[in-house]
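Reader: I would like to go through this model by its charged pairs and one polar residue. Where should we start?

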Amino acid sequence: MKLVIATRNNDKIREISDRFKSIPEIELLSLKDYDNSPDIVEDGATFFENALKKARLITAFTGQASLADDSGLEIDALGGEPGIYSARYAGDNATDTERNMLVLDKMKDIPEEKRGAKFISVIAVTFPDKTEYTTYGECKGIISFQMIGHEGFGYDPIFYLPDFGKTMAQLSLSEKNSISHRAKALEQIEIRLKKILKNNSS
């Protein structure tokens with residue numbers, strides 16, 4: 001089975017590929033394997049809408065099954081911001097560092113006990129026969145007072161995990177893939193794909 005990951009983001013490709021290495025029957029591709037793939041405008045009102053839109057568009061373009069992730073950070077003290085706008089929170093061309101610094105600036109006067117947040121991930125898988133699956137995962141933590149760590153990407157350096165005593169950016173890939181929001185959503189997709197492969201081979 002070929003499965004196209006609907007992104008060019010190397011970090012997301014690495015995380016997803018690591019998760020699916022236990023399924024050798026799946027050949028993973030990404031948008032980096034295709035020329036002239038369509039631009040995807042994430043204009044949905046929810047993570048679910050954006051993930052499905054991306055997956056459907058790439059399945060239509062490639063003729064293959066597609067997996068899309070839409071994920072983001074929701075901060076309690078900011079009324080759920082940045083939410084679905086996580087990637088564009090500091091502007092379309094902002095860097096991860098600029099987005100993290102914007103959050104830290106908005107949170108500078110918020111005490112530790114009110115800095116609760118959660119990462120959310122929705123994974124959508126679509127097939128050429130119009131079959132579709134979506135899964136949801138979340139990971140709770142708190143917003144740190146400074147950026148810490150050099151692993152991961154996005155808001156990982158400011159997302160502190162009390163149970164680990166580390167930010168997400170201080171975790172190894174294997175640690176992150178055992179507890180992250182994306183890992184939890186991917187685990188459910190992994191189970192579904194294994195069932196599909198088993199049914200197809202029987």
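Author: Start with a cut-off: buried means under 20% relative accessible area. The model is predicted.

Reader: Is R19 buried or exposed?
Author: The relative accessibility of R19 is 19%. The cut-off for buried is under 20%. So R19 counts as buried.

Reader: Which residue meets R19 in a salt bridge?
Author: The partner sits in helix α5 (residues 181–201), while R19 sits in helix α1 (residues 10–19), so the pair ties together parts 171 residues apart in sequence. The partner counts as buried, at 8% relative accessibility. The N to O distance is 3.0 Å, and the residue is E190.

Reader: Which residue forms a salt bridge with K54?
Author: K54 lies in helix α2 (residues 47–62), and its partner lies in the loop between β2 (27–30) and α2, twelve residues apart. K54 is buried at 5% relative accessibility. The closest N and O atoms are 3.3 Å apart, and the partner is E42.

Reader: How far apart are the closest N and O atoms of E42 and R88?
Author: R88 is in the loop between β3 and α3 (96–106) and E42 in the loop between β2 and α2, so their salt bridge ties together parts 46 residues apart in sequence. E42 is partly exposed at 26%, and R88 is partly exposed at 27%. Their closest N and O atoms lie at 3.8 Å.

Reader: Which residue's backbone oxygen does the S66 side chain reach?
Author: S66 belongs to strand β3 (residues 65–75). At 0% relative accessibility, S66 is buried. Its contacts include L3, A6 and T126. At 3.3 Å, its side chain reaches the backbone oxygen of V4.

Definitions and conventions. Residues are numbered from 1 along each chain as its sequence is written. This is a predicted model: local features need pLDDT of at least 70, side-chain atom pairs count only at pLDDT 80 or more; totals for chains, interfaces and linings use all residues. Side-chain values use heavy atoms; hydrogens and water are left out. Helices (H or I, at least four residues) and strands (E, at least two) are DSSP runs, numbered from the N terminus. Buried means under 20% relative accessible area, exposed over 50%, partly exposed in between (1.4 Å probe, protein chains only). A polar contact is a pair of N or O atoms within 3.5 Å; within protein, one must be able to donate a hydrogen and the other to accept it, and residues adjacent in sequence count only if both atoms are side-chain atoms. Contact means heavy atoms within 4.5 Å. A salt bridge is a side-chain nitrogen of Lys or Arg within 4 Å of a carboxyl oxygen of Asp or Glu. Lists of a residue's contacts leave out its neighbours within four places in sequence.
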